[in-house]
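Trainee: I would like to learn how to read a structure such as this one, feature by feature. Could you show me the model and then let me ask about what I see?

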Amino acid sequence: MKHYRKVLSIAGSDSGGGAGIQADIKTISACGCYAATAITAITVQNTLGVQAVHAVPTEILRGQIDAVLSDIGADAVKIGMLHSSEVVRLVREMLIRFKAGNIVLDPVMVSTSGHRLIEEDAIASLRTELLPLARVITPNIPEAEILLGGRKLSFQSELPDAARELAESSGASVLLKAGHLSEEDLSDIFYDLEDGKCYSLTSKRIHTKNTHGTGCTMSSAFASMLAKGMSLPDAAKAAKDFINGAIHSGKDYEIGHGFGPVNHLYLQEN
């Protein structure tokens with residue numbers, strides 16, 4: 001009997017299809033895994049930004065997670081948009097109940113267009129209640145600055161120490177993304193808390209406005225690689241390679257009038 005490698009995405013829905021649950025399903029599928037979902041919120045969103053957010057009732061969210069994990073199960077869990085402390089606590093409760101592993105948490109706080117996606121008290125709940133359950137967290141620089149208490153990160157040389165500090169304070173390995181810096185050569189930093197080593201994942205900056213959903217895509221790729229049994233360093237490198245390929249392949253497409261998506265399905269074109 002054949003078995004899929006399964007990834008559960010717990011995240012918000014993006015009506016524009018470039019980020020959130022939609023990006024997660026595309027990425028997980030492209031990486032060769034089976035995607036299941038639990039939707040935390042419905043956003044009114046396109047390439048120009050987020051116009052509105054409607055929270056899914058907590059009992060419906062609880063039911064979605066229960067329905068997936070009690071029947072299908074998951075080899076990895078990707079967590080994205082959790083807009084309130086109530087939702088953070090619910091997700092924590094359900095992951096503990098089902099003894100979920102390989103949890104990759106993308107601490108989504110602000111959209112690409114600058115729309116705040118999380119309530120202030122939820123940040124504290126995320127830090128204290130959910131980060132310790134994660135195997136990996138994948139903050140970008142603005143998110144890392146928030147998790148570090150507001151300390152600014154302006155230079156590439158600061159990232160290894162910041163990633164290590166985040167890992168030691170959260171109890172999870174950290175993939176700190178460098179895309180918000182200005183350098184042409186970008187080095188995402190992966191600090192593996194399990195082996196105490198720091199890895200530099202370097203690439204050339206790709207000049208394009210089609211960067212909507214990059215964080216969702218990279219964290220979903222990371223979760224997929226862990227679901228397939230890869231080690232943490234190998235999964236980090238594979239996720240980095242996937243997002244670089246998706247950005248490069250999608251850089252010249254025109255979708256909408258704002259920040260377009262990456263090409264999640266580029267592997268199928270080759």
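Trainee: Which residues of helix α1 (residues 20-30) are buried?

Mentor: Please keep in mind throughout that this is a predicted model. In helix α1, the buried residues are G20, I21, A23, D24, T27, I28 and A30, and the elements that cover them include the strands β1 (6-14), β2 (34-46) and β4 (76-79) together with the helices α7 and α8. Just after α1 the chain reaches G32, which takes a positive phi of about 90°.

Trainee: How should I describe two packed helices, and at what angle do the axes of α7 and α8 cross?

Mentor: Two packed helices are described by the angle between their axes and by the distance between those axes. Here the axes of helix α7 (residues 214-227) and helix α8 (residues 232-250) come within 8 Å of each other and cross at roughly 140°. Because angles over 145 degrees are needed for a roughly antiparallel pair, that crossing makes α7 oblique to α8. The crossing of α7 and α8 is, in addition, right-handed.

Trainee: Which residues of α7 and α8 meet?

Mentor: From α7 come T214, T217, M218, A221, F222, M225 and L226, and they meet L232, A235, A236, A238, A239, K240, F242, I243 and I247 of α8. Sorted by character, the residues of this contact between α7 and α8 comprise 13 nonpolar, two polar and one charged.

Trainee: Turning to charged side chains, how many salt bridges does a search of the whole structure find?

Mentor: The search finds 15 salt bridges. One of them joins R62 to E59, with the closest N and O atoms 3.3 Å apart, and both residues lie in helix α2 (residues 58-71), where they are three residues apart, about one turn of the helix. The general idea is that an α-helix has 3.6 residues a turn, so residues three or four places apart point the same way. E59 is exposed, with a relative accessible area of 51%, and a network of salt bridges links E59 and R62 with E93 and R97.

Trainee: Where do D161 and R164 lie?

Mentor: D161 and R164 both lie in helix α6 (residues 159-170), again three residues apart and about one turn of the helix. Their side chains meet in a salt bridge, at 3.8 Å from N to O. D161 counts as partly exposed at 48% relative accessibility, and R164 likewise counts as partly exposed, at 32%.

Trainee: In the salt bridge of K152 with E145, is E145 buried or exposed?

Mentor: E145 counts as buried, because its relative accessibility is 12% and the cut-off for buried is under 20%. K152, on the other hand, is exposed, with a relative accessible area of 60%. The closest N and O atoms of K152 and E145 are 3.6 Å apart.

Trainee: My last question concerns the segment after α8, where G258 is found: which residues does G258 touch?

Mentor: Leaving aside residues up to four places away in sequence, G258 touches T47, L48 and K209. At 14% relative accessibility, G258 counts as buried. A separation along the chain can also be set beside a distance in space: G258 and P57 are 201 residues apart along the chain, and their C-alpha atoms are separated by 30 Å.

Technical notes: Residues numbered from 1 in each chain as written. Predicted model: local features only at pLDDT ≥ 70, side-chain atom pairs only at ≥ 80, totals over all residues. Heavy atoms only, no water. Axes fitted to C-alpha atoms, helices over the stretch in contact; angles between N-to-C directions. Helix = DSSP H or I, 4+ residues; strand = E, 2+ residues; numbered from the N terminus. Parallel < 35°, antiparallel > 145°, perpendicular 65-115°, else oblique. Left-handed = near helix turned anticlockwise from the far one by under 90°. Contact = heavy atoms within 4.5 Å. Nonpolar A, V, L, I, M, F, W, Y, C, P; charged D, E, K, R; others polar. Salt bridge = Lys/Arg side-chain N within 4 Å of Asp/Glu carboxyl O. Buried < 20%, exposed > 50% of the residue type's maximum accessible area, 1.4 Å probe, protein only.
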